[in-house]
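Student: I'd like to learn how to read pockets and nonpolar cores in a model. Can you walk me through it?

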Amino acid sequence: MDYQSFLIIILVIIFTIGALAFKRWAYNEKRKQRRDYYREYLQSDDWKRKRYVVLKRDNWTCVYCGARATQVHHKRYAKRNIGREPIKWLVSVCKDCHNSHHH
């Protein structure tokens, strides 16, 4: 193998590693933006109203175990629907059941 071919191979490897690193960085940045937007949404008046409607609909009862519900769980997520999720995607849950669904 001559010197020029060796350099080309090294450059291709470096470019590939850089591209993969950039792709991972971009993915993590979008993920952080979605997380921050979701956390902000959970503090909004819109979410508080929707949460109340769901808890009232389910009579403040956990749909999984029947205990007193204090939280609302998204049965389904859609990246583009945060804040516009239909009520049917939400259920009332107790803290223990909510934790068990997320861990």
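Tutor: We'll take the pocket first, then the cores. Keep in mind that this is a predicted model.

Student: How do you find empty space in the first place?

Tutor: Rolling a probe the size of a water molecule over the atoms shows where empty space is left. Here, the largest pocket comes out at about 360 Å³. It has 14 lining residues, and those closest to its centre are Leu42, Gln71, Val72, His98 and His102.

Student: Which elements give two or more residues to that lining?

Tutor: Three helices and a strand: H1 (3–42), H2 (45–57) and H3 (95–102), plus S1 (71–74). Strand S1 supplies the largest share, with four residues.

Student: And what is the lining like by class?

Tutor: Mostly polar: eight polar residues, against five nonpolar and one charged.

Student: OK, now the cores. Which residues make up the largest nonpolar core?

Tutor: A core is a set of buried nonpolar residues joined through side-chain atoms within 4.5 Å. The largest one here has nine members: Tyr38, Tyr41, Trp47, Val54, Leu55, Ala69, Val72, Ile82 and Leu90. H1 and H2 are the elements giving two or more residues to this core, and H2 has the largest share, with three.

Student: Is there another core, and what does it include?

Tutor: Yes, a second, separate core has five residues, including Cys62, Val93, Cys94 and Cys97.

Student: What does Ala69 touch, leaving out residues up to four places away in sequence?

Tutor: Leu55, Trp60, Thr61, Cys62, Ser92, Val93 and Cys94. Among those, Leu55 belongs with Ala69 in the largest core, while Cys62, Val93 and Cys94 sit in the second one.

Technical notes. Residues numbered from 1 in each chain as written. Predicted model: local features only at pLDDT ≥ 70, side-chain atom pairs only at ≥ 80, totals over all residues. Heavy atoms only, no water. 1 Å grid on protein atoms, 1.4 Å probe; cavity = no way out; pocket = protein on both sides within 12 Å on 5 of 7 lines; lining within 4 Å. Points joined across faces, edges and corners; volume = space filled by probe spheres on them. Nonpolar A, V, L, I, M, F, W, Y, C, P; charged D, E, K, R; others polar. Buried < 20%, exposed > 50% of the residue type's maximum accessible area, 1.4 Å probe, protein only. Contact = heavy atoms within 4.5 Å.
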